[in-house]
Amino acid sequence: MKSVHPKIDESWKKVLLSEFSQEYFIQLKYFLEEEQKHFRTFPPNRDIFRAYNTTKFDAIKVVILGQDPYHGANQAHGLAFSVLEGTKFPPSLVNIFKELQSDVGCDFPSSGNLLRWAEQGVFLLNTVLSVREGNAGSHRMQGWEQFTDATIKAINENLENVVFILWGKPAQSKERFIDTTKHLILKAPHPSPLSSYRGFFGSKPFSQTNAYLQAHGKEPIAWCLS
């Protein structure tokens, strides 16, 4: 069978290599190629696997799981919820920063780039890794969910004492793959303005994460970005 080999860090290839030869992944590649013939898609191809290429597999301490990438120009760059410097903060990111401020006292940052988190072992993953411009959810049910299921399973099986922060129902659908006897799950509504007031605010994910990491002998995350 033909195999597709995306540009993904070697640490991830070791645990996900078998996915690239599966029919769903090959069809996903064809789907993306066809989409890009007719539409603009985000993030750019070079950034689709950026979360994997920034946070090495064995370095993961925390997984923040979202839904699908931002669908506006100059927003998504492959790290869930993150935007590049100079880009206006999407409403969900504003709410994340409000909770960050309330939870651990960080000043509101000037940039929405979460690269500093990713470099500390915070794996910023969406359940779906691409999207058509202006059309949220447009690349769902095309194979990405199966790939990110495999990703969560690999983390669950091979690592210990990882904090999984699941924001929103698509993210929480992955809960069934996580062994709570060796990992911590923190669940809350998605930080979108449509759902954030149903329990996202006041959920204190950042302080709870650091308390758990420290209790298991790991360095806490320096969450403040400013």
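Of the 226 residues in this protein, 55% are buried, where buried means under 20% relative accessible area with a 1.4 Å probe, counting protein chains only. The model is a predicted one: local features need pLDDT of at least 70, side-chain atom pairs count only at pLDDT 80 or more, and totals for chains, interfaces and linings use all residues. Residues are numbered from 1 along each chain as its sequence is written, and side-chain values use heavy atoms, leaving out hydrogens and water.

Let's start with the overall form. The C-alpha atoms fill a box of roughly 50 × 35 × 30 Å along the principal axes. The radius of gyration, taken over C-alpha atoms, is 17 Å, which agrees with the value near 17 Å for a compact globule of 226 residues; that rule is 2.2 Å times the number of residues to the power 0.38.

Now follow the chain. It holds eight helices and six strands, read as DSSP runs (helices H or I, at least four residues; strands E, at least two) numbered from the N terminus. From that end, the order is α-α-β-α-β-α-α-β-β-α-β-α-β-α.

Next, step inside. The largest nonpolar core (buried Ala, Val, Leu, Ile, Met, Phe, Trp, Tyr and Cys residues joined through side-chain atoms within 4.5 Å) has 68 residues, of which Tyr-52, Ile-64, Trp-117, Phe-147 and Ile-155 touch the most other members. Helix H6, residues 144-158, gives this core its largest share, six residues. Leaving aside residues up to four places away in sequence, Ile-64 touches ten-strong company including Phe-81, Trp-117, Ile-165 and Trp-223, a contact being heavy atoms within 4.5 Å.

Note on methods: Buried < 20%, exposed > 50% of the residue type's maximum accessible area, 1.4 Å probe, protein only.
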